[in-house]
Amino acid sequence: MGLLRGVARTAVVAGTATAVSNRVSRRQAGRWAAQEQYAEPQQQYAPPPQQYAPPPAAAGGDDVIAQLEKLGRLRDSGVLTDEEFAAQKAKLLGS
């Protein structure tokens, strides 16, 4: 009897953990989808032609670093798993 009770308890714990994990994954996927939706606003007009050369754009390294720091904070706070962090990091770095 004791062995059966232990197996049943383990099954319940594992099932609960799986259900919670799946729910968290779906919620995080929804957050990323919402974030991507607002990350790239659609341009609705054409800019006027410029009569001078625009200043050179920054290297973009600061922006990538800021995004990586944000991802690190999300991972550290538990919003992202290590796997999700690694996937987003690879996406940012173009790997």
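In the predicted model, Asp 76 is exposed, with a relative accessible area of 60%. This residue forms a salt bridge with Arg 75, the closest N and O atoms lying 3.5 Å apart. Under the criterion applied, the count of salt bridges comes to one. Arg 75 is partly exposed, its relative accessible area being 28%, a value that falls in the class between the limits of 20% and 50%. The charged end of Arg 75 also sits over the ring of Phe 85, at 4.2 Å from the ring centre. Arg 75 is thus described both by a salt bridge with Asp 76 and by the placement of its charged end over the ring of Phe 85. As for pairs between aromatic rings, the structure holds zero.

Helix α3 comprises residues 82-93, a run of 12 residues. From its first C-alpha to its last, the helix reaches 16 Å, which is close to the 16 Å expected at 1.5 Å a residue. Just after α3, Gly 94 adopts a positive phi of about 70 degrees.

Two residues of helix α3 were examined with regard to accessibility and surroundings. Gln 88 is found in this helix and has a relative accessibility of 17%; it therefore counts as buried, because the class is defined by a relative accessible area under 20%. When neighbours within four places in sequence are left aside, Gln 88 is in contact with Trp 32 and Leu 71. Ala 86 likewise lies in helix α3, but is partly exposed, with a relative accessible area of 41%. Ala 86 and Leu 71 are separated by 15 residues in sequence, while their C-alpha atoms are 9.4 Å apart in space. Leu 71 thus appears as a contact of Gln 88 and as the other member of the C-alpha pair with Ala 86.

A further buried glutamine is located in helix α1, which spans residues 2-39: Gln 28 has its place there. The relative accessible area of Gln 28 is 5%, and the residue is therefore classed as buried. Apart from neighbours within four places in sequence, the contacts of Gln 28 are Gly 78, Val 79, Leu 80, Thr 81 and Glu 84. Among these contacts, Glu 84 belongs to the residue range 82-93 of helix α3.

Notes: Residues are numbered from 1 along each chain as its sequence is written. This is a predicted model: local features need pLDDT of at least 70, side-chain atom pairs count only at pLDDT 80 or more; totals for chains, interfaces and linings use all residues. Side-chain values use heavy atoms; hydrogens and water are left out. Helices (H or I, at least four residues) and strands (E, at least two) are DSSP runs, numbered from the N terminus. The expected span of a helix is 1.5 Å times one less than its number of residues. Buried means under 20% relative accessible area, exposed over 50%, partly exposed in between (1.4 Å probe, protein chains only). Contact means heavy atoms within 4.5 Å. A salt bridge is a side-chain nitrogen of Lys or Arg within 4 Å of a carboxyl oxygen of Asp or Glu. Rings of Phe, Tyr and Trp (its six-membered ring) pair if their centres lie within 6.5 Å; planes under 30 degrees apart count as stacked, over 60 as edge-to-face and the rest as tilted. A charge sits over a ring if NZ of Lys or CZ of Arg is within 6 Å of the ring centre and within 35 degrees of the ring normal.
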